[in-house]
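Hi,

Here is the structure I promised to send over. Have a look at it first, and then read on for what turned up.

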Amino acid sequence: MKIPGLPRITGWHPIATTLILAGAMAAFARFNYGLGATTNLSDEFPWGLWIGFDFLGIGLAASGFTIVAAVNLFHAKEYEPIVRPAILTAFIGYLLVVLVLIIDLGRPDHFWHPLVMWNPHSVMCEISWCLMLYTTVLSLEFAPIVLEKLNIVSPIKWIHAVSLPLMIFGVLLSTLHQSSFGSLYLIVPNRLHPLWYTPLLPVLFFISCIASGISMVILESLIFARGGRDLLPTPLRANLAKIIAVALAVYSVVRVQDLLTRGAWHELTTLTYYSLAFYAELLIGFVLPFAMLLLERVRTSRLGLYAATLLVVVGFAFNRMNTAITGLEHYPTQTYFPSLIEVFITLGITAVGFSAFSFIVKYLPIFEPVVAGPRPRKEVVTGRPEPIFIAREGGDLESR
Amino acid sequence: MSQKKAMLIDLTLCVGCNACQSACKEENRLPPNEEKHLSLTAYTALDKYNDLYVRRLCQHCDVPTCVSVCPVGALSKTEAGPVAYDAEKCIGCRYCLQACPFHVPKYEWSSTKPRIQKCKFCAPRLARGLPPACAEACPTGATLFGDREELLIEAARRIDAEPAKFVHRIYGKDDVGGTSMFYLSPVPFEQLGFDSRMGKTPMPMLTMSALSKVPNVLSVGGVLLGGVWWITNRRAKVQAFEASQKKDPTCPPEDKP
Ligand code: SF4
Ligand code: SF4
Ligand code: SF4
């Protein structure tokens, strides 16, 4: 069975290369001329697209801890095949976010300061620590895959010995900073629009990252399914979809309930810049995919799941961008739109992420966790999506 | 520096002469042009509302939001009152700009080594026992410098003496947890651009409720997850044993510390 619209886009390589080059040039400009000349940030709007990107990156990388927790702590071993893709996604996601954060800092040369100068009252400080520690955890979780490939065994054993506390630590760190990204805004009740400001921000951020993180792995497992050879059998994928549906439902209920109790729903009775953004976010990203995932038919169909999880991811992006940008605008007097340089840096870094992912998938045993055996083919790729190169050994194509 | 210092700004006395800004600019070696808004080169500015002038400047809050959000402690509340800034520590995250409830800190956007700029409450002058330049320059006494407690008494006395002249509120006494700048006004503060959505609770408390859970998440969460692992692992082991031994052969030879 074929999945339409798969990302083996013709000409992906030239596109990625262009984006990365443009991004590098933009970054060069940013470092040479400073933030003022190259971004649309200002005293009134000190955080913009990049912070939004960080939210997105971290949220989509949430698969790293949910899947690891499910498989290794809750012993849902049947999900083993997606552990490595999940860890890889998270690892790349976090590295990129750290990179963007450093570009975003006014003093990138001081980026290490939070490690030695603490302020326990600062959410930002907590986030820096969590990011750093969790990226370390991820690199340790990822290291065995590389070492295995290189046939260096002894450190693997060493890592295995500490893997349990490591994983627990990783899950806790994730719980903390996923929600802390929401806590960042707790201190601006006077600035953030009531449709997004709520004392529950950390809770909402946490619930939604579970939905988006799992959606991300489902998307990957579908995209890299390579014809008939699925990473996960349909029933398992359907189970994951159920978890997403539950997370979406819990999120929507908490969100709506919160709007009602705070009285912020008044903002929704008229069509404004904000209410439109809100509706778009909640309907596209939460209600619609939830409704879809209720149907057995959707959960078990690849196309259905593809669409539903894509909606979750898009809606999630809406939500984070709305929190980081829309909700802080004072329409129409004070709005923010990223500058070209901001956009190019963001796109460039995103392209780096995708390229790194497909590169690593090609050379490391990510999608075939058991045997480190045959490595995937190369460049033929750019042509048609599916049929040709499914000739992976054992690939019983067009089945299932 | 035993006593906390403060300033009392009586809007009924301000004539809008801008002497405070000029003096401030001279003291801080800033370009002497007159400015209407806070900026990198204006640590204080006058906002005009009909016939009233409202002096804006850093409030040097008692529980400063900016200090609480700064990840590296580049901002700090000093004992004498001023909220000080250390550019050597600052990483330029701009959280202070985002969070300050009075929109005070300004950023050197055009620099490649940008810093924050804001009123320093003339900390060096205070250390020498002098009043801030702006208070010294004020010709009408609209800005009065002194000990925090004494100024509060003075402010209350003024309201008592002429109850018809003032709204009965000393802004800054306990707003956002108290500040070092007290305002007396003849009209409600909401009409003068003071944000009415901010209560008496210091803003940092909003975050503390979340941050205070961190140790709990770590300890309780750790135990919980460890327990879950133990239970599910045991179950898995039992199942595996019952079936037959089919575990991964990676660990045996080496460690079991
Ligand atoms: S007014 Fe703003 S910058 Fe000044 S001390 Fe208070 S929070 Fe900090
Ligand atoms: S910009 Fe500098 S002073 Fe402001 S919060 Fe960030 S590190 Fe602290
Ligand atoms: S206290 Fe000093 S720095 Fe602040 S406004 Fe007055 S003169 Fe300027």
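**What was found**

Chain B is a good place to start: its domain assignment gives domain 1, residues 5-209, and domain 2, residues 214-257. The C-alpha centres of domain 1 and domain 2 of chain B are 57 Å apart. Please keep in mind that this is a predicted model.

Ligand 2 may interest you as well. There are 13 residues around ligand 2, and those that come nearest are B:Cys70, B:Cys90, B:Cys93, B:Arg94 and B:Cys96. Sorted by class, the shell around ligand 2 holds 11 nonpolar residues, 1 polar residue and 1 charged residue.

Now to chain A. Its secondary structure consists of 14 helices and 0 strands, so listing the elements from the N terminus gives α every time. Of the 400 residues in chain A, 56% are buried. Contacts in chain A between residues at least 6 apart in sequence join residues at least 24 apart in 80% of cases. The chain exposes about 16,100 Å², and 73% of that comes from carbon and sulfur atoms.

One helix of chain A allows a simple check. Helix H10 covers residues 234-262, which is 29 residues. At 1.5 Å a residue, H10 of chain A should span 42 Å, and the end C-alpha atoms are 42 Å apart, so the two values agree. Just after H10 of chain A comes A:Gly263, with a positive phi of about 80 degrees.

Best wishes

Terms used. Residues numbered from 1 in each chain as written. Chains lettered and ligands numbered in written order. Predicted model: local features only at pLDDT ≥ 70, side-chain atom pairs only at ≥ 80, totals over all residues. Heavy atoms only, no water. Near = heavy atom within 4 Å. Nonpolar A, V, L, I, M, F, W, Y, C, P; charged D, E, K, R; others polar. Domains from an automatic or database assignment. Helix = DSSP H or I, 4+ residues; strand = E, 2+ residues; numbered from the N terminus. Buried < 20%, exposed > 50% of the residue type's maximum accessible area, 1.4 Å probe, protein only. Contact = heavy atoms within 4.5 Å. Areas by Shrake-Rupley, 256 points an atom, 1.4 Å probe, with all protein chains shown as cover. Expected span 1.5 Å × (residues − 1).
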